[in-house]
Amino acid sequence: MTIFDEELNALREKILKLGSMVETSILNAVKSLVERNSDLAKEVIKKDHIINALDVEIDEECVRLIALRQPMARDLRQITTAMKITTDLERMADLAVNIAERALELNEEPLLKPFVNIPRMAEIVQGMVRDALDSFVAGCTRLPYEVIKKDDEVDDLTVKNFEELLEFMLKDPKIIPIAVKRTYVAKYLERIADHTTNIAEMIIYMCKGKMIRHTTISGE
Amino acid sequence: MVENKYIFKIKDFSVYYGNFKAVSNVSLDIESNKITAIIGPSGCGKSTLLRSLNRMNDLILHSRVEGQVLFQGVDIYGKDTDVIELRKRVGMVFQKPNPFPSSVYENVAYGPKIRGMKKKGHLDEIVENALIRADLWKEVRDKLNESGMSLSGGQMQRLCIARSLAQEPEVLLFDEPTSALDPISTANIENLLQELQKTVTIVIVTHNMQQAARISNYTAFMYLGEMIEFGDTDTIFVNPKNKLTEEYITGRFG
């Protein structure tokens with residue numbers, strides 16, 4: 001293995017580390033809301049700067065590798081993919097912080113109704129994030145295509161969540177501030193799923209050298 | 001001037017040195033007014049292929065060819081080819097700058113002179129023009145009578161390019177033209193090639209893959225005498241189709 005290969009491996013490992021930190025943030029943010037655990041929400045907010053620092057570190061490493069190694073072909077695609085993925089991951093962590101902030105507010109209010117849609121969405125999103133990161137390491141499998149497909153399930157649940165809350169709001173306008181915040185949370189999760197879809201699309205680019213973003217068929 | 005889209009059509013072409021097949025059944029079309037780069041490890045046949053385009057390999061004992069090289073539709077290995085005329089139309093610049101041991105002026109005027117151009121005024125014009133096109137005029141206008149060998153490496157190489165341009169070639173072949181030059185002279189030559197491309201078709205052999213990536217429109221990758229992959233330079237360096245090409249350009253060869 002060349003030194004350059006080792007550097008590429010180290011970069012991959014950093015992306016995975018960032019990914020697992022982001023995954024934990026999302027998980028804990030949703031947990032802090034569902035389990036009404038404000039300490040956990042504060043922890044998510046507090047730890048975000050670590051994710052930001054790692055994002056910057058990965059970007060710098062990518063620029064360094066491009067400058068010093070002048071990568072070509074699959075190496076070039078892997079490094080440019082890493083740069084884009086890290087931006088998406090960092091944004092996902094910011095959205096987890098937004099969820100935690102809403103949790104802090106909602107935890108002070110009465111529970112409107114038990115959380116059903118949001119935990120379900122979080123579960124799907126978590127699977128998507130994990131599959132996307134796995135496919136970054138495993139390379140060219142069917143996994144990124146599966147990730148892209150799952151985005152629709154999250155979108156559907158976002159709509160369902162909104163419609164249910166809308167009924168509550170129509171019945172009792174006093175609960176609107178609470179209900180709106182709960183729709184925000186669903187929206188944040190939906191955005192996280194979108195970023196994860198971006199990651200999957202970039203991994204397909206990394207593997208196949210073909211950009212499928214903004215095409216109608218985000219499949220094969 | 002150039003009319004065909006492809007100035008060269010190389011068809012199932014092979015070159016032998018004795019029993020050794022240096023170029024093996026290569027087919028390749030060279031587009032007019034583009035830069036085509038040929039890359040590949042040492043001994044892959046890229047220089048041999050390049051030299052075949054103006055029959056420089058004729059000078060090597062026991063070399064023979066099979067297949068066709070059509071230049072503007074005519075097989076240059078046909079019986080009627082005037083090789084001297086061919087080498088005027090398809091010029092060549094080598095790795096090491098090799099000006100004649102004479103003045104800057106004489107270096108450039110040499111070709112037109114031996115072809116019978118005698119009028120001083122016309123020769124002056126040709127020399128100035130060639131030196132301007134080679135981006136050397138400003139640097140040597142005041143020392144046209146000084147020895148060509150007194151110039152810097154980069155200037156000497158541009159003098160050699162001017163010498164070729166004075167012959168009004170349709171194609172210029174470059175064999176590692178910057179490998180003996182410093183980065184600034186290299187950048188000058190690279191800019192020059194991209195400028196010349198508007199009027200001359202360029203084929204360049206280079207070991208410097210970044211150079212191929214920087215300046216060429218098309219890239220051909222050769223290995224063991226064979227043409228492994230040919231395509232848009234963008235495609236070759238971002239998303240090559242062949243595994244051998246990928247291994248070579250990512251530096252994981254062998």
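Angles under 35 degrees between helix axes count as roughly parallel, and those over 145 as roughly antiparallel. The model discussed here is predicted.

Q: What is the relative orientation of helix 1 of chain A and helix 3 of chain A, roughly parallel or roughly antiparallel?
A: The axes of helix 1 (residues 3–34) and helix 3 of chain A come within 8 Å and cross at roughly 15°. The crossing of these two helices of chain A is left-handed. The residues of their contact comprise 19 nonpolar, five polar and two charged. Since angles under 35 degrees count as roughly parallel, helix 1 and helix 3 of chain A are therefore roughly parallel.

Q: How is helix 3 of chain A oriented to helix 6 of chain A, roughly parallel or roughly antiparallel?
A: Helix 3 and helix 6 (residues 176–208) of chain A have axes 9 Å apart and pack at an angle of about 170°. Their contact has 15 nonpolar, five polar and eight charged residues. The angle makes helix 3 of chain A, relative to helix 6 of chain A, roughly antiparallel.

Q: Which helix of chain A gives the most to the largest nonpolar core?
A: The largest nonpolar core has 128 residues, and A:Ala29, A:Ala96 and A:Ile99 are among those with the most contacts inside it. Leaving aside residues up to four places away in sequence, A:Ala29 touches residues including A:Ala96, A:Ile99, A:Ala100 and A:Ala103. With 15 residues, the element of chain A that gives the most to this core is helix 3 (residues 73–106).

Q: How many residues of chain B are in contact with chain A?
A: The side of chain A that touches chain B has three nonpolar, two polar and two charged residues. Seven residues of chain A take part, and the number in chain B is eight.

Definitions and conventions:
Residues are numbered from 1 along each chain as its sequence is written. Chains are lettered from A and ligands numbered from 1 in the order in which they are written. This is a predicted model: local features need pLDDT of at least 70, side-chain atom pairs count only at pLDDT 80 or more; totals for chains, interfaces and linings use all residues. A nonpolar core is a set of buried Ala, Val, Leu, Ile, Met, Phe, Trp, Tyr and Cys residues joined through C-beta atoms within 7 Å. A residue is buried if 20 or more other C-beta atoms lie within 10 Å of its own, exposed if 12 or fewer, and partly exposed in between; C-beta atoms are placed from the backbone. Helices (H or I, at least four residues) and strands (E, at least two) are DSSP runs, numbered from the N terminus. Two residues are in contact if their C-beta atoms, placed from the backbone, lie within 7 Å. Ala, Val, Leu, Ile, Met, Phe, Trp, Tyr, Cys and Pro count as nonpolar, Asp, Glu, Lys and Arg as charged, and the others, Gly among them, as polar. Axes are lines fitted to C-alpha atoms, for helices over the stretch in contact, and angles run from 0 to 180 degrees between N-to-C directions. Angles under 35 degrees count as roughly parallel, over 145 as roughly antiparallel, 65 to 115 as roughly perpendicular and the rest as oblique. A crossing is left-handed if the near helix is turned anticlockwise from the far one by less than a right angle, and right-handed if clockwise.
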